[in-house]
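Please find below a colleague's note on this entry, set out as numbered points. It is meant to be read with the chain open in a viewer.

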Amino acid sequence: MFSTHFLDIPALATAGGNVRLPGSKSISNRVLLLSALCLGTTTLHDLLDSDDTRIMLNALQALGCGVRQTGTTVEIDGLGGQLSNTQADLFMGNAGTAIRPLTAALAVMGGDYKLHGVPRMHERPIGDLVDALRQLGCQIDYLGQDGYPPLRIQQPTLNLNAPIKVRGDVSSQFLTALLMALPLVAQKDIVIEVVGELISRPYIEITLNLLAHFGIDVVREGWQRFTIPAGSQLKSPGVLHVEADASSASYFIALGAISACSEGQKNLRIEGVGADSIQGDIRFIEAAEMMGAQVLSGPNWLEVSRGSWPLRAIDLDCNHIPDAAMTLAVMALYAHGTTTLRNIASWRVKETDRIAAMAIELRKLGATVEEGGDFIKVTPPASPTDWKAATIHTYDDHRVAMCFALATFNPAQLPVRIEDPKCVAKTFPDYFEALFALVQPVPGAVPVICVDGPTASGKGTLAVVLAQQLGYHFLDSGSLYRLTALAALQHGLTLEAQDEQAIADLIPGLKIIFSNGQIFLNGTEVTEAIRTEEAGMNASKVSTLTEVRLALLDLQHGFRQLPGLVADGRDMGTVIFPEAKLKVYLTASAQRRAERRYKQLISKGISTTLDSLRADLEARDARDTSRSVAPLRPAQDALLLDNSDLTVEQSVELVLEWWQSKQPFSAI
């Protein structure tokens, strides 16, 4: 997961391959709570691992529920409707699928509970659910603004004789919460009556389907009246598999619709969910097909490819796909004409006011947008020259971040900056990694920052921190010769000219990973093994072999991957990536470099002298600058950075300023 302040995504061209989706958030949090409330132990497979499910799991454990988790499989010991802990302070983050059903369940069972979350959670309405529960005699108090969390729940005095009325036109989660909680107290038939139009009906279908798995057969009369039969009791189904998230599928269905196929690929395959899904958002397929996508479906899979191009504008009532419809708003950027999405008032009370948020961010890209209380109209930029490079504010809303990543296929070939990319952790922590594994950038679009300089100039430290702050890949080119020498010796080769071709032939198959200060060769951590004096001497030997240098050139080019690369070395800007957008050359003096090296060695208990270190560095500088192949020197367009008296943080800040000055975005 990217945890940087922002993520710059270069212009993308094509897509293809397979993606496996994470489990559904809506299903995951429902089955977690039902498993906790029922009789018996339930094993849940393919559970979503995200912020929202972790919040629910933490709450269930705080209430005394037994939980055992191995990867995406969780075993839950049901409480049989009797909570072990009748007092708890529960943090709900911004998880609506957790706080609403938990509020209903705790309110009917009783105890002393406080439920609260992040500031945005305290702006999300819950008053209609509280009003419905108070009709039953539940004791719920607001600890802040009326109608919103935080809440205090205490012991109820239940009266189940009259039908329970709940509004259906704000959020279907209110009805879901009642349907999941009331079987706990169904000594007699309990009737729920929906006041007004019930929105997001497919989510109620999910709830009813899952309740049936737990032994509750709700009697439904249209969408206005629901009866929980007397004597209902939640019972474990034993084992349950969680479907992949149909809402998350929307981004990849859209990806297939707006992108040409990558070379060698026929289409884009989505695994984990099919057209027979119990989730309402699977009907996003129909909307995508209306716009021009071609979609095939089988058991637990979808295959998507571009059909009509440009896409066709649509006018659609989106009540049945409220979350997935956000993706349609971004697809509208690639459509001919104006796309209108109607009946989406629920967007206003989600993780953010999504109608307002989508309108603001779409306009940044150059679209013309009209918004109303329950609709949004999107007209794409008139021509490629009308597109704009935009910094997308994500409002701590995972769906805003995920759908706007698709704007990188714009015809102007402009990059898109996504602020706070880690917000996708709510439902799809590895979303950007999954996206990057499927797409191919516009040729030359993946940015490279080169950091070159003499020995002990601090280029490696600077490059590592830059890569971390930008979310880019990192290449320590100096280690490659050491790694090559190590691999050659492991294969029984000499480091002489007689084995030159054999060593070069090894290089394309080397699996090298730089991660968090560690270096891995073919799956084995070798950080310390390649830092010895002997390893350095071996690196010098192989670096003189022409075929080895040529093979390493190709290997280094392979590190240029989405979303970008920071490469450090001595010839990154002159030989390896001469077209790099930013080249930095460090110019710290030999005296200052010797002082730094001296402090490092003394701290490790290694005896040395400052004069000898300086003499050694000056000798190395002389050799490096006079060598016949790729001599050490700044690229003509490199920016010189004298970091003699700068901290790492100051150097990083300066380079980031240089990098920002070359971007089409507003200031960081």
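**Notes on a sheet and a helix pair**

1. In this predicted model, Asp452 has Tyr585 in S35 as its bridge partner. The pairing belongs to a longer register, in which strand S29 (residues 448-452) and strand S35 (residues 582-586) run parallel and are joined by four bridges.

2. These two strands are part of an open sheet of five strands, which follow one another in the order S30-S34-S29-S35-S36 with parallel pairing. Strand S30 (473-476) and strand S36 (639-641) each have a single partner strand, so one side of each of these edge strands is left without a neighbour in the sheet. Direction ignored, neighbouring strands of the sheet are turned against each other by 20° on average.

3. Helix H21 (residues 648-661) packs on this sheet, where it touches S29, S35 and S36. The direction of H21 makes about 170° with that of S36.

4. Elsewhere in the chain, helix H1 (residues 25-37) packs with helix H2 (residues 51-62) at an angle of about 10°, the two axes being 10 Å apart. Angles under 35 degrees count as roughly parallel, and H1 is therefore described as roughly parallel to H2.

5. On the H1 side, the contact is made by Lys25, Ser28, Asn29, Leu32, Leu33 and Ala36, while H2 contributes Asp52, Thr53, Met56, Leu57 and Leu60. How do the residues of the contact of H1 with H2 divide into nonpolar, polar and charged? Six of them are nonpolar, three are polar and two are charged.

Notes. Residues are numbered from 1 along each chain as its sequence is written. This is a predicted model: local features need pLDDT of at least 70, side-chain atom pairs count only at pLDDT 80 or more; totals for chains, interfaces and linings use all residues. Side-chain values use heavy atoms; hydrogens and water are left out. Two strands pair if DSSP finds at least two bridges between them. Axes are lines fitted to C-alpha atoms, for helices over the stretch in contact, and angles run from 0 to 180 degrees between N-to-C directions. Contact means heavy atoms within 4.5 Å. Angles under 35 degrees count as roughly parallel, over 145 as roughly antiparallel, 65 to 115 as roughly perpendicular and the rest as oblique. Ala, Val, Leu, Ile, Met, Phe, Trp, Tyr, Cys and Pro count as nonpolar, Asp, Glu, Lys and Arg as charged, and the others, Gly among them, as polar.
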